Amino acid sequence: MSMQIPVIVVGALGKMGREVVKAVQHAPDTQLYAAVDRHHIGEDVGEVLGVGALEVPLSGSLQEVCVAAAQEKQPVVMVDFTHPQAVYENVRMAIAYGVYPVVGTTGLSHDQIADLAEFADKAEMGAVIAPNFSIGMVLLQEAAIRASQYFDHVEIIELHHNQKADAPSGTAVQTAQRLAELGKPFNPAQVEETEHLAGARGAHASGNIRIHSVRLPGLIAHQEVIFGSAGQVYTLRHDTSDRQCYMPGVLLAIRKVIHLKRLIYGLEKLL
Ligand SMILES: NC(=O)C1=CN([C@@H]2O[C@H](COP(=O)(O)OP(=O)(O)OC[C@H]3O[C@@H](n4cnc5c(N)ncnc54)[C@H](OP(=O)(O)O)[C@@H]3O)[C@@H](O)[C@H]2O)C=CC1
Ligand SMILES: O=C(O)C1=N[C@H](C(=O)O)C[C@H](O)C1
């Protein structure tokens, strides 16, 4: 049996997928098993990405790839960085064929995640969904949880490139959720507010925390969590300058998911 974990990358030609293809190819204990996307079907994924031949042709059918993976004697992992509209069915498909999903795609609803967790439970299959695979964001969220002990007022600003399909970012939603889980009543009203332009005060997320989304060319992925109290503002900020920052987290999830028997949500639970 090979010591390398076979990995299917779905969305292999995307901004994240191409980094995952390279990371999986370079890591000593993982190997690229298949690459799935919607373009260049049949062409060598390495040639298309300009990194030299990898002897892995692009497939347009995740199902065909999963059928082949189901015949393998060792566990196969699927890494999905596609689109909010595709990811739910991709994860269902992977689990149905005994392929372990590692999901970075954001935009899944709370109900969809709960449904996938139930599906993984029934199949006794591991799965990892993490809206952010960078260690810096895990640390930012932990610092925010600590700061919440001392601040009652907090808002989140997330800033991304303008090719992003979903808003707010999955990371901002998760950050608000993690703060809301503390059970503290954030942002008690000070005055009666009127929004003269709809959306001016952002979106209401978990825990009465507002999220403001910025989309501009030139940005990659950035988030601020801003706390305020009388006479002081405390700002936590994370900036992404290269999508390589997500790769150690993705590789960690690939290595761990094959030993799990349920769905895990959040990179912090794997550290
Ligand atoms: N968890 C994390 O750490 C991170 C998560 N993300 C999330 O990852 C997702 C992808 O982001 P990004 O790489 O920037 O997006 P891109 O649009 O650059 O890449 C997505 C790729 O998936 C392809 N695709 C879309 N639908 C399917 C499908 N049904 N089957 C196969 N391939 C498909 C797209 O093809 P086409 O071009 O034809 O649409 C494209 O090649 C987003 O949800 C984003 O929020 C991003 C960064 C980090
Ligand atoms: O689309 C992106 O780029 C990113 N998406 C994820 C999210 O929605 O949180 C993670 C990171 O912010 C980059």
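**The sheet**

In this predicted model, seven strands form an open sheet with parallel pairing. Their order is 3-2-1-4-5-6-12. Strand 3 (58-59) and strand 12 (263-265) are the edge strands, and each pairs on one side only. Strand 2 (residues 30-36) runs parallel to strand 3, and two bridges join them. Within this pair, Ala35 has Leu58 in strand 3 as its bridge partner.

**Helices across the sheet**

Two helices lie across strands of the sheet. Helix 3 (residues 62-70) crosses strand 1 (5-10), strand 2 and strand 3. Helix 5 (residues 110-123) lies across strand 6 (127-129) and strand 12. The table gives the angles.

| Helix | Lies across | Angle |
|---|---|---|
| Helix 3 (residues 62-70) | strand 1, strand 2, strand 3 | about 145° to strand 2 |
| Helix 5 (residues 110-123) | strand 6, strand 12 | about 150° to strand 12 |

**Two domains**

The protein is divided into domain 1 (5-132 + 244-270) and domain 2 (135-241). The contact between them takes 12 residues from domain 1 and 11 residues from domain 2. On the side of domain 1 that touches domain 2, five residues are nonpolar, six are polar and one is charged. The C-alpha centres of the two domains lie 29 Å apart.

**Ligand 2**

Where does ligand 2 lie with respect to domain 1 and domain 2? Both domains give residues to the shell around ligand 2, so the ligand lies between them. The surrounding residues are Thr106, Pro131, Asn132, His160, Lys164, Ser169, Gly170, Thr171 and Ala221. By class, this shell has six polar residues, two nonpolar residues and one charged residue.

**Asp166**

Asp166 sits in the loop between strand 7 (153-160) and helix 7 (170-180). Is Asp166 buried, exposed or partly exposed? It has 16 C-beta neighbours inside 10 Å, so it counts as partly exposed. The cut-offs are 20 or more for buried and 12 or fewer for exposed.

Which residues does Asp166 touch, leaving aside those up to four places away in sequence? They are Pro84, Thr106 and Gly107. Of these contacts, Thr106 is also one of the residues around ligand 2. Asp166 and Thr105 are 61 residues apart along the chain, and their C-alpha atoms are separated by 10.0 Å.

Note on methods:
Residues are numbered from 1 along each chain as its sequence is written. Chains are lettered from A and ligands numbered from 1 in the order in which they are written. This is a predicted model: local features need pLDDT of at least 70, side-chain atom pairs count only at pLDDT 80 or more; totals for chains, interfaces and linings use all residues. Two strands pair if DSSP finds at least two bridges between them. Helices (H or I, at least four residues) and strands (E, at least two) are DSSP runs, numbered from the N terminus. Two residues are in contact if their C-beta atoms, placed from the backbone, lie within 7 Å. Axes are lines fitted to C-alpha atoms, for helices over the stretch in contact, and angles run from 0 to 180 degrees between N-to-C directions. A residue is near a molecule or strand if its C-beta atom, placed from the backbone, lies within 6 Å of it. Ala, Val, Leu, Ile, Met, Phe, Trp, Tyr, Cys and Pro count as nonpolar, Asp, Glu, Lys and Arg as charged, and the others, Gly among them, as polar. Domain bounds come from an automatic or database domain assignment.
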